[in-house]
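Biologist: I am new to this structure and would love a close look at one part of it. Could you take me through the salt bridges, and then show me how they sit within the rest of the chain?

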Amino acid sequence: MRINFEKPSHIFVDIILVVIAIVWGSGYSLSTIALNGGFPVTLVLSVRFVVGTLVMLIIFGRHLRYISRDEIKYGAITGLILFLAFFLETTGLSYTTPSKNAFLTCSNVILVPFIYWLFSKKKPPLFTCIGVMVCFVGIAVLSYDANTGLSINIGDIISIAAAFGYAFHICSLGYAIERCKNFQIVNIMQLGVVGVLGSILFIFKDLKDFQIESLKTGLVPCIIMGLFSTAFCYCLQSWAQKHATPTEASVILSLELVSGSGFSILLGLEKLTPNLIFGGIIILGAILFTQLDSVKLLKKSNPGYMKDEA
C-alpha cells in the first residue's frame, strides 16, 4: 500500500508521533550510559547536537541560501534556551534516575500554558489548572520513600528546572515560527547553537579532566542520540506536525514518559517500584487531563478531525 506523504491518514501520522516518543524516551537511558561512562554533560551535548546538526545540514542545508536576519536571531535565541534546558536535564541525570528525570522534565507540557499566560495575558483553562495540581501529587508520590518520607534530591530539583526550560523553549519556538518564513533554518540554527555551546564549555571547562578511555563507553550512545533522537526525530516531528493538531501531537508525545522509564528498566539502570508506577501514572494522567479542554474545542469546530482521510 502506497503512503501519500502530502495527505497522510491520521493513523499514519499518529504512528510516526509514537515512534518519535519512543526514540526520545531512549535518550534518557543513553545519556545515563554516557554519563556513567565518564562523559561530562558538556561533551554529551556537544557530540549529540554536532552530529544532529551535520545531518540536518545534509538534508536541509540548501535552505540556508535564503537565510534572513530574523531566522538567525530567533534561531540563536531558541538555541540558547534549548541548550540551557538540555544542560539542566542532562545534569539532573547525574543525580537522579532516568525515570524520575523523564517524568519531571516532561511535565513541561503542563507549564507551557502558564508561561504563555505571562506573555499573552490569556488565562489557562480550568483543566490545565487542575492538571498542575494533580501533577504535583504525582511528583510527591514519585519522590516518596517509606523510610525517609518525601525525598527530593538535587537531581530532581534540576530536572524540574529543566522542565521550565523546555516550557520556555516551546513558547519561544512558537513565537519564532510565526515570524520566520523557513522553520528548517531556525531548526538548524538552534541545534547548531546547542552543539557549539556544548563544545565550547567542554573545551574550557571539562577537557583538562577528561579521560580518553571514556570514549569507549560514552561515544556510541551520544552518536546514536545525535542521529536518531536529534536529527531523525526533529525531521519527523517537523513533517508530522504539519498534519496533526497540536493537541494530538502533545498528547502522543507524552508517551516519551513511559518510553523513558521502560528503556531504563529494560537496560537494568533502575528497578520497577510501586512509587514509579503510581507516580508516573498520575503525572501522565495530569498531562493528558490538561488536553481535555483543547479536545472539546477541536471537536466542536471540526467534528471529523480524528477520522482518516480517504
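Modeller: Let's start with D206, whose side chain forms a salt bridge with K205, the closest N and O atoms being 3.2 Å apart. Keep in mind that this is a predicted model. The two partners differ in how they are covered: D206 is buried, with a relative accessible area of 13%, whereas K205 has 44% and counts as partly exposed. Side chains of opposite charge can pair when their charged atoms come close.

How many salt bridges does a search of the whole structure find? It finds two. The other one joins D156 and K100, with 2.9 Å from N to O. Here D156 belongs to helix α7 and K100 to helix α4 (residues 98–105), so this pair ties together parts that are 56 residues apart in sequence. D156 has a relative accessibility of 1%, so it counts as buried. K100 is buried as well, at 13%.

Helix α7 also takes part in an aromatic pair. Y166 lies in α7 (residues 154–179) and F86 in helix α3 (residues 69–93), so their pairing ties together parts that are 80 residues apart in sequence. Their ring centres are 5.4 Å apart and the planes stand at 85 degrees; because an angle over 60 degrees counts as edge-to-face, that is the name for this pair. Both F86 and Y166 are buried.

Back in the part of the sequence where we began, you can find another pair of rings. F202 and F210 have ring centres 5.6 Å apart and planes at 80 degrees, so they too are edge-to-face. F202 is buried at 10% relative accessibility, and F210 is buried at 18%. Ring pairs link these two with F39 into a cluster. Across the structure, the count comes to six aromatic pairs.

For a residue with no exposure at all, look at S264 in helix α11 (residues 256–266). Its relative accessibility is 0%, so it counts as buried. Apart from its neighbours within four places in sequence, S264 is in contact with S29, P98, S99, L269 and E270.

Now to the surface. I11, I15, V19, V220, I223, I224, L227, F228 and F232 make a nonpolar patch of about 710 Å². Two elements, α1 (10–36) and α9 (215–240), each give two or more residues to this patch, and the largest share, six residues, comes from α9. One of the patch residues, V220, lies in α9 and counts as exposed at 51% relative accessibility.

Helix α5 is worth a visit too. Its 13 residues (108–120) should span 18 Å at 1.5 Å a residue, and the end C-alpha atoms are 18 Å apart, which agrees. The buried residues of α5 are N108, I110, L111, V112 and I115. Just after this helix, K121 takes a positive phi of about 65 degrees.

Finally, here is the wider setting. The protein chain has 13 helices and two strands, and 50% of its 310 residues count as buried. Among contacts between residues at least 6 apart in sequence, 88% join residues at least 24 apart. The accessible surface of the chain comes to about 15,800 Å², with 70% of it belonging to carbon and sulfur atoms.

Note on methods:
Residues numbered from 1 in each chain as written. Heavy atoms only, no water. Helix = DSSP H or I, 4+ residues; strand = E, 2+ residues; numbered from the N terminus. Buried < 20%, exposed > 50% of the residue type's maximum accessible area, 1.4 Å probe, protein only. Contact = heavy atoms within 4.5 Å. Areas by Shrake-Rupley, 256 points an atom, 1.4 Å probe, with all protein chains shown as cover. Phe/Tyr/Trp six-rings, centres within 6.5 Å; stacked < 30°, edge-to-face > 60°. Expected span 1.5 Å × (residues − 1). Patch = residues over 30% accessible without salt bridge, like charges linked within 9 Å, V, L, I, M, F, W, Y side chains within 5 Å. Salt bridge = Lys/Arg side-chain N within 4 Å of Asp/Glu carboxyl O.
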